[in-house]
Amino acid sequence: MFAAVSVLRKYHQVVKWNLTKSGSGLDYLGMDRLTSLGRGMEVEFAEKNLDRLETDRAYNAGFSQEIVRAFRKLMQVIRAAPDERTFYALKSLHYEKLKGDRSHQHSMRLNKQWRLIVEIKTSEPGNIVVVVSIEDYH
C-alpha cells in the first residue's frame, strides 16, 4: 500500500498525457507503470457527458479548459488507485465524505472552486468509483 501511495504521489506531481491526434481518446502515458502495481479502481459515470469529457478532447461540457484538464488528470489518478484509501493519502485531492442527505458521496478537489463528486460502490473483487458530477462549491 505505501509503495503504491508513494508512486501515485510522484505520478500525481508529474502526470503527463498526450491527446491523440487520431481518434478522440486519451493516450495515458505512464499508466502501465502504475497499474502494474496492482489492479486499479473501476470507474462508472452517472452521466454520459462526464464519460465523454474524459475521452473526447474536443468536448468541454461547458467547463473551462482548466477544469477539463484537472478532471482528466484526476481521472488518471482514480483509475490507477488500488482502492479509496489512496485518495485519503493524497492530501492534494482533499478527498472528503459529504454530510447530510449526501452522506453516501465524496468530493475531490479539481481546483479551489470546483469539486468532483463521486460515490463508492462496493463490489468484488474491488470497489467501483461512480463519477456523479462536477460542482461549483462557491
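Here are a few worked exercises on this predicted model.

**Exercise 1. Find which residues of α3 are buried, and work out where they sit around the helix.**

Step 1: pick out the buried residues of α3, which are L50, L53 and E54.
Step 2: look down the axis of α3. The buried residues fall within an arc of 95°, so they line one face of the helix.
Step 3: check that against a rule of thumb. An α-helix has 3.6 residues a turn, so residues three or four places apart point the same way.

**Exercise 2. Describe how α3 and α4 pack, and name the residues that meet.**

Step 1: start with the geometry. The two helices, α3 and α4, pack at an angle of about 90°, and their axes are 9 Å apart.
Step 2: put a word to that angle. Angles of 65 to 115 degrees count as roughly perpendicular, so α3 is roughly perpendicular to α4.
Step 3: list the partners. From α3 come L50, L53 and E54; on the α4 side they meet V68, F71, R72, M75 and R79.

**Exercise 3. Trace the largest nonpolar core and follow F71 within the structure.**

Step 1: the core has 27 residues, and F71, I78, F87, L116, V131 and I134 touch the most other members.
Step 2: ask which elements give two or more residues. They are β3 (42–45), α3 (48–55), α4 (65–80), β6 and β7 (128–136). The largest share, eight residues, comes from α4.
Step 3: now zoom in on F71. Not counting residues up to four places away in sequence, F71 touches F45, L50, L53, E54, L110, L116, V131 and I134.

**Exercise 4. Place N111 and decide whether N111 is buried or exposed.**

Step 1: go to the loop between β5 (105–109) and β6 (114–121), where N111 lies.
Step 2: N111 has a relative accessible area of 15%. Buried means under 20%, so N111 is buried.
Step 3: look for partners beyond four places in sequence, and you'll find E66 and I67 in contact with N111. The side chains of N111 and E66 are joined by a polar contact of 3.3 Å.

**Exercise 5. Hunt down some unusual backbone spots in the loops.**

Step 1: recall the usual pattern. Most residues other than glycine have a negative phi, and most peptide bonds are trans.
Step 2: between α3 and α4, the loop holds A61, whose phi is positive, near 55°. A61 is partly exposed at 23% relative accessible area.
Step 3: H94, in the loop between α5 (85–89) and β4 (96–97), also isn't a glycine yet has a positive phi of about 50°.
Step 4: finish with the cis peptide bond joining E124 and P125, where omega is about 10°. P125 is in the loop between β6 and β7.

Definitions and conventions: Residues are numbered from 1 along each chain as its sequence is written. This is a predicted model: local features need pLDDT of at least 70, side-chain atom pairs count only at pLDDT 80 or more; totals for chains, interfaces and linings use all residues. Side-chain values use heavy atoms; hydrogens and water are left out. Helices (H or I, at least four residues) and strands (E, at least two) are DSSP runs, numbered from the N terminus. Buried means under 20% relative accessible area, exposed over 50%, partly exposed in between (1.4 Å probe, protein chains only). A polar contact is a pair of N or O atoms within 3.5 Å; within protein, one must be able to donate a hydrogen and the other to accept it, and residues adjacent in sequence count only if both atoms are side-chain atoms. Contact means heavy atoms within 4.5 Å. A nonpolar core is a set of buried Ala, Val, Leu, Ile, Met, Phe, Trp, Tyr and Cys residues joined through side-chain atoms within 4.5 Å. The arc is that of the directions from the helix axis to the C-beta atoms. Axes are lines fitted to C-alpha atoms, for helices over the stretch in contact, and angles run from 0 to 180 degrees between N-to-C directions. Angles under 35 degrees count as roughly parallel, over 145 as roughly antiparallel, 65 to 115 as roughly perpendicular and the rest as oblique.
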